[in-house]
There are 2 protein chains.
Amino acid sequence: MYAEIISIGDEILIGQVVNTNSAWLAEQLNLLGIKIAQITVVADIPANIIKSLDDASIRADLILITGGLGPTKDDRTKQTLCKYFNTKLVLNNDVYEDIEKFFAIRGIPITELNRKQAEVPENCKIFRNKTGTAPGMWFEKNGKVFVSMPGVPFEMKEMMRKYVLAEITNHFKTEAIFHKTILTQGKGESFLSDLIEEWETNLPDFIKLAYLPSPGIVRLRLSAYGKEKSKLISEVEKQVEKLKNIIPEFIYGYDNETLEEIVGNLLKSKNKTLSIAESCTGGYISHKITGISGSSDYFAGAVICYSNDVKINELGVSPVNIEKQGAVSEEVVIEMAKGVKEKLKTDYAVATSGIAGPTGGTDKKPIGTTWIAIASPHNVFAQKFLFGNNRERNIQRASITALNMLRKEILKNI
Amino acid sequence: MYAEIISIGDEILIGQVVNTNSAWLAEQLNLLGIKIAQITVVADIPANIIKSLDDASIRADLILITGGLGPTKDDRTKQTLCKYFNTKLVLNNDVYEDIEKFFAIRGIPITELNRKQAEVPENCKIFRNKTGTAPGMWFEKNGKVFVSMPGVPFEMKEMMRKYVLAEITNHFKTEAIFHKTILTQGKGESFLSDLIEEWETNLPDFIKLAYLPSPGIVRLRLSAYGKEKSKLISEVEKQVEKLKNIIPEFIYGYDNETLEEIVGNLLKSKNKTLSIAESCTGGYISHKITGISGSSDYFAGAVICYSNDVKINELGVSPVNIEKQGAVSEEVVIEMAKGVKEKLKTDYAVATSGIAGPTGGTDKKPIGTTWIAIASPHNVFAQKFLFGNNRERNIQRASITALNMLRKEILKNI
């Protein structure tokens, strides 16, 4: 079964907006086992929209359309859909109520343009929009399904999650599907694939594996397709258990978890606190930790020590060590971790010191050289890494690696 | 004149990769005054590629194709292009040399698949690829131009900047064009458009204005189209001067500058140093500052003070002020700025304290309430802001606002 995605929007055609809607929709449909034949971005011009609908319905059974439904553009796109599906606009009272409520909550008077958003094509199924004003529409024509949704990403996603994905599953009676993503840290894609080659080769035919890499992280997504969901779940879980025995040290979580959430939850549940001393990561670890609402429960704070003076005066790093070993060294990063832990009176501390690049590398310490230290209630240790040449990626990889080292150390102490 | 963009790539159709290439290409073409009629993503299947080329050439004069040229997929796409343009593959010695060099530098043996990347269609113009192995190709057919480029974003961008944009300008003899972007901070799009309404209305017909908003920032892009480039430049500069008189307090820079670069350059040129005390921004300002290579010349470091204890013990904030005024208050944020400046012995300091949300708001201090303080060699002051409900955006807006306040204060002292 094939689907197509049509995005209507001048913002995309002038390059002002990246088409993230299509990527998200493509992923959602793929997770249902539906392949995408083509993605098309067209201008908000009736003839172009109709041509793209015609073309898509030749190749696909399901056509998802986003955009073109804003209050100012509404008329044209909806009239075009009416013409295409041979129907007319009628007032929908439910939608009108939603729009009234939307404006009442915000204390804004409802405009004539918004009022017209309650007029919908007579022969379509309506999806109410609780986060915006344009409703979604489900049309059927010659055995093909067309779904028109707003272009605002969070409105479209809410509508998909709440109604459209379920309708698609019902209508097309797609197979049962189960996905589970295993999150790994510490090894690149090719090394990982060597390690798990035998496991991968022996996966049953109905389970597919996808490698999804990003700086410092490789996500392994298992997708099982079949008749009985319960069987798919148990088989996937069996495979995950096998994988856990092969690469236990690289798995840190599952599905949509993040390292900063996992670390935060561990600290919170154990009533422990954290401080950070950041040199090369320059505040990025703290930024990730404080991105989580409620992090003030366990995160005391950090010292960003970009100068040697700050390392010495604020964290008690020995000037002799900086002189003899350099700021990027095991001795210094361990002193940084100990220093910030003591000063901010926390149970755990993380410290980073490295050469982020693109300048500052030497033969002995090339760009990408990074020391990371962890201090726990009864332990302190450091590890050296050699990342790459790109400053931004080095900062990301060092931060991810530090969070995972911290996670492992917390688990050891539980 | 119209162009179209065709992306060949399964990674985009399964939603694994967002199609940023298209957005970048669309922007580049728009900057040349070329409109995009349609963007299409197709699978790497000959029939689909040929259909999309046929369709695009009906609507457009220029068709840019990205992707489908990786060493493993190379054959199929190039053979398809050969068939479409009625030609055959021949070995290109320049390209072969480039590929040999590419592998020699990396110390990797050249494979048979890569060797075949040196075979190119006989009747096309070749763009050599200095950052990868697949060359670019320029075809002409029935008065239309087709350009095929690699899908790897940095290879494609390098090729566009180095060769393709100039070839397009030559071939299509596009008008002279000049763009200038004015960067503003401190007012939203609608408020700004009210302020500059008269100026905008009086812009000459050949100058277009685009509003490009992002959290905390609105970029105003002027695009002038005409015959003589020198005239366009002088007219745009004249309009920029006028605008500077209308909203001088909101303009912080031009074109691709960033606030962290501008602040960094100011500090560097004046030989001054900076420290930061971050509460609600949680390390994000430090992260932005340290994203700039060479920032260790002027950035001493920061104290991320997420707990009151750290504010009191590390920055010398008065416990009485925290008790009486709350941590999110003018008194506390000023003490934070003074404290970090003194402690880290810098010329300037920035401090932030606010309620990022989504919890922690009260009637008196709703979510989004943020105090920002600046300490300079002879001055210290704070300002209160009310941002929105979204944690991530609040952190971004507070950081951008703080950097701009710092910029203004440094300029006052010069």
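**Helix crossings, lone cysteines and a tucked-in serine**

H13(B) passes H15(B) in a left-handed crossing. That's a good place to start in this predicted model. In chain B, helix H13 covers residues 308-315 and helix H15 covers residues 330-343, and their axes lie 9 Å apart at an angle of about 45 degrees. That angle makes H13(B) oblique to H15(B), because oblique takes in whatever falls outside the roughly parallel, antiparallel and perpendicular ranges, and the roughly parallel range stops under 35 degrees while the perpendicular one runs from 65 to 115.

So who is touching whom? On the H13(B) side you'll find Lys311(B), Asn313(B), Glu314(B) and Leu315(B), and they meet Val332(B), Glu335(B), Met336(B), Gly339(B), Val340(B) and Lys343(B) of H15(B). Sorted by class, this contact of H13(B) with H15(B) is a mix of four nonpolar, two polar and four charged residues.

Now hop over to chain A. Here helix H13 (residues 308-315) and helix H15 (residues 330-343) have axes that come within 9 Å and cross at roughly 45 degrees. H13(A) is therefore oblique to H15(A), and the crossing is left-handed. From H13(A), the residues in contact are Lys311(A), Asn313(A), Glu314(A) and Leu315(A); from H15(A), they are Val332(A), Glu335(A), Met336(A), Gly339(A), Val340(A) and Lys343(A). Four of the residues in the contact of H13(A) with H15(A) are nonpolar, two are polar and four are charged.

Stay in chain A and look at the loop between helix H14 (319-325) and H15, where Ser329(A) sits. Is Ser329(A) buried or exposed? With a relative accessibility of 4%, Ser329(A) counts as buried. Leaving aside residues up to four places away in sequence, Ser329(A) touches Lys365(A) and Trp371(A).

If you're wondering about disulfides, the count over all chains is zero. Take Cys82(A): the nearest cysteine sulfur belongs to Cys124(A) and is 8.0 Å away, and Cys82(A) is in no disulfide. Cys82(A) is also buried, at a relative accessible area of 2%.

Chain B offers another case. Why is Cys305(B) without a bond to Cys280(B)? The sulfur of Cys280(B) is the closest cysteine sulfur to that of Cys305(B), but the two are 9.5 Å apart, so they are too far for a bond; a disulfide needs the sulfur atoms within 2.5 Å. As for its surroundings, Cys305(B) has 0% relative accessibility and counts as buried.

Conventions. Residues are numbered from 1 along each chain as its sequence is written. Chains are lettered from A and ligands numbered from 1 in the order in which they are written. This is a predicted model: local features need pLDDT of at least 70, side-chain atom pairs count only at pLDDT 80 or more; totals for chains, interfaces and linings use all residues. Side-chain values use heavy atoms; hydrogens and water are left out. Axes are lines fitted to C-alpha atoms, for helices over the stretch in contact, and angles run from 0 to 180 degrees between N-to-C directions. Helices (H or I, at least four residues) and strands (E, at least two) are DSSP runs, numbered from the N terminus. Angles under 35 degrees count as roughly parallel, over 145 as roughly antiparallel, 65 to 115 as roughly perpendicular and the rest as oblique. A crossing is left-handed if the near helix is turned anticlockwise from the far one by less than a right angle, and right-handed if clockwise. Contact means heavy atoms within 4.5 Å. Ala, Val, Leu, Ile, Met, Phe, Trp, Tyr, Cys and Pro count as nonpolar, Asp, Glu, Lys and Arg as charged, and the others, Gly among them, as polar. Buried means under 20% relative accessible area, exposed over 50%, partly exposed in between (1.4 Å probe, protein chains only).
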